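Biologist: Could you take me through one part of this model in detail, starting from a single residue and working outwards? I would like the geometry and the solvent exposure treated together.

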Amino acid sequence: MSRGVHGTGDVSRAELFDSLCNVRRLYILDYLSEEGPTAELGTLVENVAAAEYEKEAAAVSRSERRRVYVSLYQTHLPKLEEQGLVEWDRETNRITLVARGTVDAVLDSDADSTIPWHRYYLGLAVVSGALFALVLGDVSPFA
């Protein structure tokens, strides 16, 4: 049921970011990217619940796992499958990350290597202010 572009597993940026805006789908994709590309549903549920509740997998309660299971089964896995990010074999309950290269490129992007937007604009404002002060002060060559 994978809907990837031309069967290649390619996913549009909009679909990918739509998936990443939900924390449970992000945990699913992150787990499959790091540990997979394939996982059984029970293992995926356990690890998503552990990440969500910030506990070790063994410490996640049955009710916490159940909430995550229902959510993944009814909402998140079908959505990821519809978007062509994963394939879900319901007979074996195995989930496979299909668009691994696309997901890895986004999840592995090093946020520290880029300038955050607010620092970029702050720097731009400081430089603009300094240039404006030089023009007002009739400093050559800005006079």
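To fix the starting point, where is glutamate 54 found?

Modeller: Glutamate 54 is found in the loop between helix H3, which spans 41-53, and H4. Please keep in mind throughout that this is a predicted model. The backbone of glutamate 54 deserves attention, since its phi is near 50 degrees, a positive value in a residue other than glycine. Its relative accessible area is 73%, and because the threshold for exposed is over 50%, glutamate 54 counts as exposed.

A second residue can be set beside it. Asparagine 93 has phi near 55 degrees, again a positive value in a residue other than glycine, and its place is in the loop between E2 and strand E3, the latter covering 94-97. With a relative accessible area of 28%, asparagine 93 is partly exposed.

Going back to the helix before the starting loop, threonine 43 has its place in H3 and counts as partly exposed at 32% relative accessibility. The C-alpha atom of threonine 43 is separated by 9.4 Å from that of alanine 57, although the two residues are 14 apart along the chain. A further pair has one member in helix H2, where leucine 26 has its place; leucine 26 counts as partly exposed at 28% relative accessibility. Here the C-alpha atoms of leucine 26 and valine 48 are separated by 9.2 Å, with their positions 22 residues apart along the chain.

On the other side of the loop comes H4, and its packing against H2 can be described in some detail. Helix H2 (residues 23-35) and helix H4 (residues 62-82) pack at an angle of about 80 degrees, and their axes are 10 Å apart. Because angles of 65 to 115 degrees fall in that class, H2 is roughly perpendicular to H4. From H2, the residues Arg24, Arg25, Ile28 and Leu29 meet a set in H4 that consists of Arg67, Val68, Ser71, Leu72, His76, Leu77, Lys79 and Leu80. Sorted by character, the residues of this contact of H2 with H4 comprise 6 nonpolar, 2 polar and 4 charged.

H4 also carries aromatic residues. A search of the whole structure finds 2 aromatic pairs. One of them joins tyrosine 69 to tyrosine 73 in a stacked arrangement, at 5.6 Å centre to centre and with 25 degrees between the planes. A pair of rings of this kind is described by the distance of the centres and the angle of the planes. Tyrosine 69 and tyrosine 73 both lie in helix H4 and are 4 residues apart, which is about one turn of the helix. Tyrosine 69 is partly exposed, with a relative accessible area of 29%, and tyrosine 73 likewise counts as partly exposed, at 36% relative accessibility. Tyrosine 73 also pairs with tryptophan 88, this time edge-to-face, at 5.1 Å centre to centre and with 90 degrees between the planes. Since tyrosine 73 lies in helix H4 and tryptophan 88 in strand E2 (residues 86-89), this pair ties together parts that are 15 residues apart in sequence.

Tryptophan 88 itself counts as buried, because its relative accessibility of 6% lies under the 20% limit. Taken together, Tyr69, Tyr73 and Trp88 form one aromatic cluster. Arginine 90 adds a charge to this picture, lying over the face of tryptophan 88 at 4.0 Å from the ring centre.

For the wider setting, the protein has 6 helices and 3 strands, and from the N terminus on its elements run α-α-β-α-α-β-β-α-α. Of the 143 residues in the protein, 29% are buried. Among contacts between residues at least 6 apart in sequence, 57% join residues at least 24 apart.

Key
Residues are numbered from 1 along each chain as its sequence is written. This is a predicted model: local features need pLDDT of at least 70, side-chain atom pairs count only at pLDDT 80 or more; totals for chains, interfaces and linings use all residues. Side-chain values use heavy atoms; hydrogens and water are left out. Axes are lines fitted to C-alpha atoms, for helices over the stretch in contact, and angles run from 0 to 180 degrees between N-to-C directions. Helices (H or I, at least four residues) and strands (E, at least two) are DSSP runs, numbered from the N terminus. Angles under 35 degrees count as roughly parallel, over 145 as roughly antiparallel, 65 to 115 as roughly perpendicular and the rest as oblique. Contact means heavy atoms within 4.5 Å. Ala, Val, Leu, Ile, Met, Phe, Trp, Tyr, Cys and Pro count as nonpolar, Asp, Glu, Lys and Arg as charged, and the others, Gly among them, as polar. Rings of Phe, Tyr and Trp (its six-membered ring) pair if their centres lie within 6.5 Å; planes under 30 degrees apart count as stacked, over 60 as edge-to-face and the rest as tilted. Buried means under 20% relative accessible area, exposed over 50%, partly exposed in between (1.4 Å probe, protein chains only). A charge sits over a ring if NZ of Lys or CZ of Arg is within 6 Å of the ring centre and within 35 degrees of the ring normal.
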